[in-house]
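Hi everyone, thanks for coming. I'd like to walk you through a structure that is new to most of you, so let's bring it up on the screen.

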Amino acid sequence: MARSKSDISNSGIRIFLQKVGEYYDEARGLDNFRPTKKQRQRLLDFFDGCCAFCGRAMTDANFSQDHLVPMNKDRLGLHAWGNVIPACKECNAEKLHDSWEDFLGKKSRGETFAGRKKKIDSFVAEMRYEPDLGLESFAGSLYHDVGEVAMTLINLRYDQAKEAIQDSLGKD
């Protein structure tokens with residue numbers, strides 16, 4: 001639940017990036033990334049049933065998905081094919097806001113690092129995912145606008161609630 005204006009604005013950005021991701025998938029001739037069971041299996045098949053970062057075998061219990069480019073106002077990653085990879089829950093929780101390349105470097109070295117990086121790069125290329133789509137101005141305006149509109153509505157309803165409470169207590 002949102003606790004502040006920035007929480008509300010961040011939720012707006014995530015919704016925006018999901019919607020843009022849907023359009024981006026369609027524009028590239030791909031099904032919208034949800035992931036369905038079939039899409040999840042496609043991810044797992046591409047990454048040989050393993051976490052893209054640590055190589056651990058994926059199971060229903062440890063499967064999660066990670067956005068290579070985070071879905072936030074600073075990085076503007078989309079919820080779309082090419083930006084989502086399979087990651088075990090532990091890696092997903094540990095990565096946080098690290099770049100995927102930096103995090104991969106923490107999880108593997110040498111040939112293992114090179115092989116995993118090549119696999120991720122290959123997936124991104126196959127899906128034709130371009131991480132820089134020039135969304136900064138739209139996202140920046142949206143972040144500000146959502147916060148301002150939300151606070152205006154919250155303050156309006158707050159004033160109405162105060163009046164209702166005063167009325168119920170018989171105060172002017």
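Let's begin with a question: leaving out residues up to four places away in sequence, which residues does N62 touch? Before I answer, please keep in mind that this is a predicted model. The partners of N62 are R56, A57, A87, C88, K89 and E90. To find N62 yourselves, look in the loop between α2, residues 37-46, and β1, residues 63-67. With a relative accessible area of 7%, N62 is buried. Its side chain also reaches the backbone nitrogen of T59, at 2.7 Å. For a sense of scale, the C-alpha atom of N62 is 20 Å from that of K119, and these two are 57 residues apart along the chain.

One of those partners, C88, brings us to the cysteines. How many disulfides does a search of the whole structure find? The count is 0. Take C51: the nearest cysteine sulfur belongs to C54 and lies 3.8 Å away, and a disulfide would need the two sulfurs within 2.5 Å. C88 is in no disulfide either, its nearest cysteine sulfur being that of C91, 3.6 Å away. Both cysteines are tucked out of reach of solvent by our accessibility cut-off: C51 counts as buried at 3% relative accessibility, and C88 is buried at 1%.

Now let's move along to helix α4, residues 100-107. Here W100, F103, L104 and G105 are buried. What covers them includes α3, residues 89-95, and α5, residues 110-126. On the subject of helices, a turn of an α-helix takes 3.6 residues, so residues three or four places apart point the same way.

In the loop between α4 and α5 you'll find S108. Is S108 buried or exposed? It counts as buried, because its relative accessibility is 4%. Setting aside neighbours within four places in sequence, S108 is in contact with F53, F113 and R116.

Last stop, helix α6, which runs over residues 136-168. Its 33 residues, at 1.5 Å a residue, should span 48 Å, and the end C-alpha atoms are indeed 48 Å apart, so the two agree. Within α6, A139, G147 and A150 are buried, and what covers the buried residues of this helix includes α1, residues 5-27. Just after α6 comes G170, with a positive phi of about 70 degrees.

That's the tour, and I'm happy to take questions.

Technical notes:
Residues are numbered from 1 along each chain as its sequence is written. This is a predicted model: local features need pLDDT of at least 70, side-chain atom pairs count only at pLDDT 80 or more; totals for chains, interfaces and linings use all residues. Side-chain values use heavy atoms; hydrogens and water are left out. Buried means under 20% relative accessible area, exposed over 50%, partly exposed in between (1.4 Å probe, protein chains only). Helices (H or I, at least four residues) and strands (E, at least two) are DSSP runs, numbered from the N terminus. Contact means heavy atoms within 4.5 Å. The expected span of a helix is 1.5 Å times one less than its number of residues. A polar contact is a pair of N or O atoms within 3.5 Å; within protein, one must be able to donate a hydrogen and the other to accept it, and residues adjacent in sequence count only if both atoms are side-chain atoms.
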